[in-house]
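User: I would like a close look at one part of this protein. Please keep the sentences short and stay with what the model shows.

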Amino acid sequence: MRAARYHGPKDVRIEEIEPDTVGPDDVRIAVQACGICGSDLGEYGGGPITIPEEPHPVTGERLPITIGHEISGTVTQVGGSVDIPVGTNVVINPIIWCGSCRYCDEGKYRLCESGGFVGLSGGGGGFAENVVVSAEKVVPIPDAVPLDQAALVEPFTVGVHAVSQSELEAGDSVAVFGSGPIGLTVVQAAVAAGAAPVYVSEPRDARRARASECGATEVMDPTEVDPVEIIRDRTDGGIDVAFEVAGVESSAKQAITAVKSGGTTTIVSLFEETVGIDPNDIVMPETTVVGTAAYQGGPLSGREFGTTIRNVATGVFDPSPLVTSEIGLENIVKEGFERLLDAQSEEMKILVRP
Ligand SMILES: [Zn+2]
Ligand SMILES: [Zn+2]
């Protein structure tokens, strides 16, 4: 089968490889769509970051590996111990876990000491004609969720988990700094959780427009105005919950200083560089800064994914404002990674159809 394999920075090749075999607990999925994630882009542009150069402790694989983890598709083959019918439409929870460390014991599979992701750590990937994963990673989707939209379930669940980590309550005011694809899922998940108003700060015009489509109450351009000043002004001195989803120093500082005393800043981004923040901005107002990584995985794969799937099925979440292009596997480098690296491009989420 054809698969996009990562060999190194700026070196992703479409290659003919042997499909993985299906073990007793496994499921083979014909991939319908797989989104290009910011983490894939980071690997392409400047990796390897999480892609293993030495054999991964769980998968035993090292580069070159097949990439892609935002996967939807249809089950075409199952192992003897699996009760998912062939023909079922599904998404994959890509978290890889060891099953024997302290975090796996606590059910926090996303924090596994030897963890990883399908499509980054070995174990196949979604930029391929098919992928074989253990049945525990497979989450069925109802007919109400088309397979193209289903490829957005994974990034939306990042937003669901971020909102859960923030402990925001209905009626809380929210500010989201950065409205790329994950920022937009945070906006929609916050709105779904009853947050109001929801302010968004984002320098790119096209991304601000999409934030409005996703339910933002007010959007602002931090290159034109001071978002912290505006937010503090609108909210009697500070927001209840802020989300940092841009991954740069200015937005980190803004997200920390926009919250009210006793409020919460949730850091969603992965940062490429160390940034300077003033701890006094946290100490004096007794605010809380929390991190959020991925979502529940392992044997709990269906929990937060299930929340997302129900919200997409009922129209509470709308994936359409996130998707800007659909491309074939053979065009993944030129029309996928290279376009996303172009700062002038208005691309958000590109879906690859293997
Ligand atoms: Zn992703
Ligand atoms: Zn573990």
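How many residues of domain 1 are in contact with how many residues of domain 2? Please describe that interface closely, then place the individual residues that deserve a look around it.

Analyst: A word on the source comes before the interface. This is a predicted model.

The domains set the frame. The chain is divided into two of them. Domain 1 is made of two segments, 2-152 and 319-353. Domain 2 covers 159-291. Their centres, taken over C-alpha atoms, lie 28 Å apart.

Now the interface itself. On the domain 1 side, 12 residues are in contact with domain 2, and on the domain 2 side the number is 14. Together the two domains bury about 970 Å². Carbon and sulfur atoms account for 61% of that area. Three residues stand out on the domain 1 side: Pro321, Leu322 and Met348. They supply 55% of the area that domain 1 buries against domain 2, and no other three residues supply more.

Next come the polar terms. The rule finds 0 salt bridges across the interface of domain 1 and domain 2. Polar contacts are present, with 4 residue pairs between the domains, both partners at pLDDT 80 or more. The touching side of domain 1 has 5 nonpolar, 3 polar and 4 charged residues. Charged residues are therefore present on that side by the residue classes used, yet the count of salt bridges between the domains is 0.

Val312 is the next stop. This residue sits in helix H10, which runs over residues 302-313. Its relative accessibility is 6%, so Val312 counts as buried, the limit being under 20%. Beyond residues up to four places away in sequence, Val312 touches Val145, Gln149, Phe317 and Pro319. Val312 also pairs a long sequence separation with a short listed distance to Ala144: 168 residues apart in sequence, 8.3 Å apart from C-alpha to C-alpha.

Asn93 is buried too, at 0% relative accessibility. Asn93 lies in the loop between strand S6 (89-92) and strand S7 (95-96). Its side chain has two backbone partners to consider. One is the backbone oxygen of Gln296, reached at 2.9 Å. Another is the backbone oxygen of Ser301, which lies 3.2 Å from a polar atom of the Asn93 side chain. Both distances fall within the 3.5 Å limit for a polar contact. With neighbours within four places in sequence left aside, the contacts of Asn93 are Lys137, Tyr295, Gln296, Gly297, Ser301 and Phe305.

The backbone has some features of its own. The peptide bond from Gly47 to Pro48 is cis, with omega near -5 degrees. Pro48 is in the loop between helix H1 (38-46) and strand S4 (65-66). Ala196 and Pro197 are also joined by a cis peptide bond, where omega is about -10 degrees. Pro197 is in the loop between helix H5 (181-192) and strand S12 (198-201).

Positive phi values come last. Lys10 is not a glycine, but its phi is positive, at about 60 degrees. Lys10 sits in the loop between strand S1 (2-8) and strand S2 (11-16). It counts as partly exposed, at 48% relative accessibility. Asp236 is not a glycine either, and its phi is about 55 degrees. Asp236 lies in the loop between helix H7 (227-234) and strand S14 (239-244). With a relative accessible area of 78%, Asp236 is exposed.

Note on methods
Residues numbered from 1 in each chain as written. Chains lettered and ligands numbered in written order. Predicted model: local features only at pLDDT ≥ 70, side-chain atom pairs only at ≥ 80, totals over all residues. Heavy atoms only, no water. Domains from an automatic or database assignment. Contact = heavy atoms within 4.5 Å. Buried area = accessible area lost by both parts, 1.4 Å probe. Salt bridge = Lys/Arg side-chain N within 4 Å of Asp/Glu carboxyl O. Polar contact = N/O pair within 3.5 Å; in protein donor to acceptor, adjacent residues only side chain to side chain. Helix = DSSP H or I, 4+ residues; strand = E, 2+ residues; numbered from the N terminus. Buried < 20%, exposed > 50% of the residue type's maximum accessible area, 1.4 Å probe, protein only.
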